[in-house]
Amino acid sequence: MTLDLLYAETEEELRSAVRSLLADRCDSATVLARAETGHPHDPALWETLATGIGAAGLLVPEKLGGQGASHREAAVVLEELGRAVAPVPFLTSSVLATEILLGCDTPESAELLRELASGSRICAPALPLTLAPGAPLPAALRDSGEGTLSGSVTSVADAVAADVLLVLADTGLYAVPAASAELTAQVPLDLTRPLATVTLREAAGIRLADPATARAAVAGALLTGAGLLASEQLGLAEWCLTETVRHVRGRHQFNRPVGSFQALKHRLARLWLDVASARAAARAAADALATGAPDAPLTVAVAQAYCSGVAVRAAEECVQLHGGIGMTWEHPAHLYLKRAKADSLALGTTGHHRGLVADFAELPAP
Amino acid sequence: MTRSTVTAEELSNRVRDLLAAHPPATTDRTDFLRARFDAGLAWVHYPEGLGGLGAPRTLQAVVDAELEAAGAPDNDPRRIGIGLGMAAPTILAYGTEEQKRRFLRPLWIGEEVWCQLFSEPGAGSDLAALATRAVLDEAAGEWVVDGQKVWTSSAHTARWGILIARTDPALPKHQGITYFLCDMHAPGVEVRPLRQITGEAEFNEVFLTGVRIPDAQRLGAVGEGWAVARTTLMNERVSIGGMRIPREGGMIAPVAATWRERPELRTHALHQRLLELWVEAEVARLTGERLRQQLVAGQPGPEGSGMKLTFARLNQEISGLEVELLAEEGLAYDDWTMRRPEGVDFTGREAGYRYLRAKGNSIEGGTSEILLNIVAERVLGLPPEPRDDKDLPWKDLAR
Ligand SMILES: Cc1cc2nc3c(=O)[nH]c(=O)nc-3n(C[C@H](O)[C@H](O)[C@H](O)COP(=O)(O)OP(=O)(O)OC[C@H]3O[C@@H](n4cnc5c(N)ncnc54)[C@H](O)[C@@H]3O)c2cc1C
């Protein structure tokens with residue numbers, strides 16, 4: 001089977017809608033100003049993205065009020081969100097939580113999906129952001145009977161924006177109102193994706209799935225999340241490359257643009273090649289997920305093993321080649337570096353995904 | 001080239017007719033290739049009468065796949081790569097009708113091998129600095145060529161060479177150059193093997209002394225040779241685009257096979273490097289596939305200029321890893337005999353050979369440094385470095 005690695009016309013239309021919204025409402029000065037308040041999320045921006053453009057329901061079937069689109073479209077949205085380091089809960093609510101709920105297939109989960117698609121609620125999985133596909137699932141939360149849940153999970157992304165938390169406990173999967181959880185904000189490396197410790201003390205939840213279904217749903221969501229994260233990393237890397245090229249063309253030292261020095265030209269040409277390759281890898285993952293290709297897990301692992309490094313390198317080059325400006329708080333380069341580095345830990349590190357490649361490609365360790 | 005209406009289905013019919021008239025099992029190889037050329041199925045995007053049908057280039061894959069499935073002989077592209085990849089597109093773009101008819105058929109069939117007489121001892125990356133002279137003998141209607149070429153692959157098997165020479169030293173270096181088709185059997189052409197890093201001699205030195213080239217074998221106008229040469233160079237770099245490789249095809253295949261078959265060789269450090277390179281090889285494959293899909297969709301991307309860079313680096317790193325993985329066996333080399341191979345054969349030899357031959361991947365056809373300059377300037381729009389040789393007459397340049 002051949003993967004379709006191009007962008008369809010409808011995907012390009014979706015891209016330009018998202019891009020122009022973000023250009024209007026999510027420029028880097030705005031992102032930085034919000035991050036400084038400690039509350040990076042912009043509810044009004046999310047509302048427009050979620051309902052105006054329909055991004056929140058992309059992966060939700062039409063019969064539940066969603067767009068019934070595929071992972072390919074979600075990937076395009078993530079490219080744009082990465083390009084803008086946009087502080088919105090798309091990855092957590094519209095991808096991870098949505099995929100978990102799709103894996104539950106109960107009236108309660110269907111109801112929640114409807115609310116996510118309409119943008120009236122935001123949902124975050126109460127799982128550490130570092131949790132990777134193929135890794136053992138945590139069992140930190142316990143059910144003391146009849147859906148009263150206790151325990152705590154750290155590094156939960158976007159929990160502070162969520163109305164509902166999806167809680168994986170020993171007895172299954174539960175929807176818990178965020179209001180009945182204790183959220184302790186953590187100081188995040190990535191200022192645009194807040195983290196919190198979620199603590200439940202005999203909190204009441206609605207059961208959505210039995211333990212086996214719950215685990216399968218979470219495992220599937222982690223695979224999808226990892227595959228689509230590659231597109232966020234691609235968009236981020238692309239912004240860094242474009243901005244850096246712009247800068248070195250205009251910045252003069254030694255009586256010529258610094259971008260005319262071959263040492264820099266070669267570094268940027270290599271980075272361009274890496275970004276072009278990351279695009280192929282990220283598109284392959286999105287398409288393999290969309291079509292349910294049998295080797296999707298391998299394609300996702302390849303994309304993650306490759307794209308994380310490219311995003312980090314692009315952001316690091318961006319800081320370095322901007323010189324002193326790149327080290328300032330005012331210039332947005334740091335927002336990208338922080339997101340890129342945090343993304344490289346999210347949903348499995350490069351090393352973890354290489355290990356998965358070893359399994360799938362049958363290249364065993366010694 | 002004009003778009004035509006030839007469809008995949010019509011091509012399939014033509015392939016079927018060709019196979020029916022010339023069953024591969026009972027037809028002589030050369031006869032089959034001639035018939036294939038005359039049926040327009042050699043390179044389908046070429047014009048009718050010249051081995052093609054003016055069909056979209058992407059349909060070639062359909063033809064190749066069907067002929068391969070039928071067990072048809074191929075024209076050994078590894079042996080005639082320079083002719084196919086560089087000489088042919090340049091002759092097609094700049095040749096007279098007579099030149100196209102004379103040269104393209106034997107070139108494609110492989111009856112006539114071509115070589116590229118571009119590089120000189122004093123002109124490699126700075127190719128336009130070349131010093132080989134061609135002076136017109138007006139009475140005879142012939143050019144008289146003197147000079148030396150170097151690193152010339154296949155010159156020892158070649159019947160023809162594409163040659164660039166200086167015809168006006170008083171002009172700036174890019175302007176005084178003319179492009180010729182050189183008969184390698186002409187008096188005054190001397191080919192000497194140049195032994196290389198692998199022990200064999202794939203390339204040669206070529207000495208040109210009073211070589212007479214009829215004006216009818218000039219390609220393009222006098223003094224326009226640089227523009228013609230650019231067509232050749234562009235085609236040299238883009239020859240990857242249409243190719244499709246399976247997952248784990250290419251250089252990574254023998255290393256992965258050794259890894260699976262020989263558990264005693266495995267170490268943790270090698271495992272990490274193998275996985276890293278396996279992932280990069282897979283991403284390079286996907287990038288090539290994406291490029292191919294862009295071409296099919298009529299939206300060619302600039303990725304092509306980068307693919308040669310990627311493959312050069314990967315081939316070198318992967319073959320280096322392979323030698324290390326083989327441990328004691330990696331200390332051995334298969335054969336240092338000076339052979340005169342007809343083409344490059346990466347798979348027919350052992351790891352040490354692959355390691356050494358791959359070193360040429362970042363030099364031949366434009367070095368990686370030069371390709372990075374091209375990407376930086378043409379794709380990213382970064383400014384060129386200041387230079388002072390552009391407007392000076394060639395004869396006044398420091399050498
Ligand atoms: C296996 C093989 C087969 C070949 N076959 C043929 C053939 O069939 N026909 C033919 O005509 N030629 C052939 N070549 C020649 C090849 O095209 C040249 O070797 C190549 O273009 C480099 O030129 P050079 O060797 O003179 O190196 P130089 O140009 O002297 O370069 C030396 C080093 O300096 C670097 N350099 C040079 N200029 C710059 C710059 N502006 N910026 C940064 N770095 C620079 C180069 O990248 C290289 O690392 C072959 C070469 C090899 C290795």
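Trainee: How do you know that the length of helix H10 (residues 333–345) of chain A agrees with what a helix should span?

Mentor: The expected span is 1.5 Å times one less than the number of residues. For the 13 residues of H10(A) that gives 18 Å, and the end C-alpha atoms are 19 Å apart, which agrees. A helix here is a DSSP run of H or I with at least four residues, a strand is a run of E with at least two, and both are numbered from the N terminus. Bear in mind that this is a predicted model: local features need pLDDT of at least 70, side-chain atom pairs count only at pLDDT 80 or more, and totals for chains, interfaces and linings use all residues. Residues are numbered from 1 along each chain as its sequence is written, chains are lettered from A and ligands numbered from 1 in the order in which they are written, and side-chain values use heavy atoms, without hydrogens and water.

Trainee: Why is H10(A) called largely enclosed?

Mentor: Buried means under 20% relative accessible area, exposed means over 50%, and partly exposed is in between, with a 1.4 Å probe and protein chains only. By that rule 10 of the 13 residues of H10(A) are buried, so the rest of the structure largely encloses the helix. Among them are A:Leu335, A:Tyr336 and A:Arg339. The buried residues pack against helices that include H7 (211–250) and H9 (296–321) of chain A.

Trainee: What makes A:Cys307, in helix H9 of chain A, count as buried?

Mentor: The relative accessibility of A:Cys307 is 1%, so A:Cys307 counts as buried. Contact means heavy atoms within 4.5 Å. Leaving aside neighbours within four places in sequence, A:Cys307 is in contact with residues including A:Ala230, A:Gln233 and A:Ala278.

Trainee: Is B:Arg36, in helix H2 (residues 29–38) of chain B, buried or exposed?

Mentor: B:Arg36 has a relative accessible area of 7%, so B:Arg36 is buried. Beyond its neighbours within four places in sequence, B:Arg36 has contacts that include B:Leu18, B:Asp64 and B:Trp108.

Trainee: How do you know that strand S3 (residues 148–157) and strand S7 (residues 195–204) of chain A pair?

Mentor: Two strands pair if DSSP finds at least two bridges between them. Seven bridges join S3(A) to S7(A), and the two run antiparallel. One example of opposite residues is A:Ala157 and A:Leu195.

Trainee: Which strands of the open four-stranded sheet, in the order S2-S3-S7-S6 of chain A, stand at the edges?

Mentor: Strands S2 (142–143) and S6 (182–186) do; each has a single partner strand, so one side of each is left without a neighbour in the sheet.

Trainee: What covers strand S1 (residues 114–117) of chain B? Which residues are buried on its two faces?

Mentor: B:Trp114 and B:Gln116 are buried on one side, and B:Cys115 and B:Leu117 on the other, so both faces are covered. S1(B) is joined by four bridges to strand S4 (residues 160–166) of chain B, and these strands run parallel.

Trainee: Why is the ligand site called shared between chains?

Mentor: A residue is near a molecule or strand if one of its heavy atoms lies within 4 Å of it. Residues from chains A and B surround the ligand, so the site is shared.

Trainee: What makes A:Gln262 a polar contact of the ligand?

Mentor: A polar contact is a pair of N or O atoms within 3.5 Å; within protein, one must be able to donate a hydrogen and the other to accept it, and residues adjacent in sequence count only if both atoms are side-chain atoms. A polar side-chain atom of A:Gln262 lies 2.8 Å from a ligand nitrogen atom, so the pair fits the definition.
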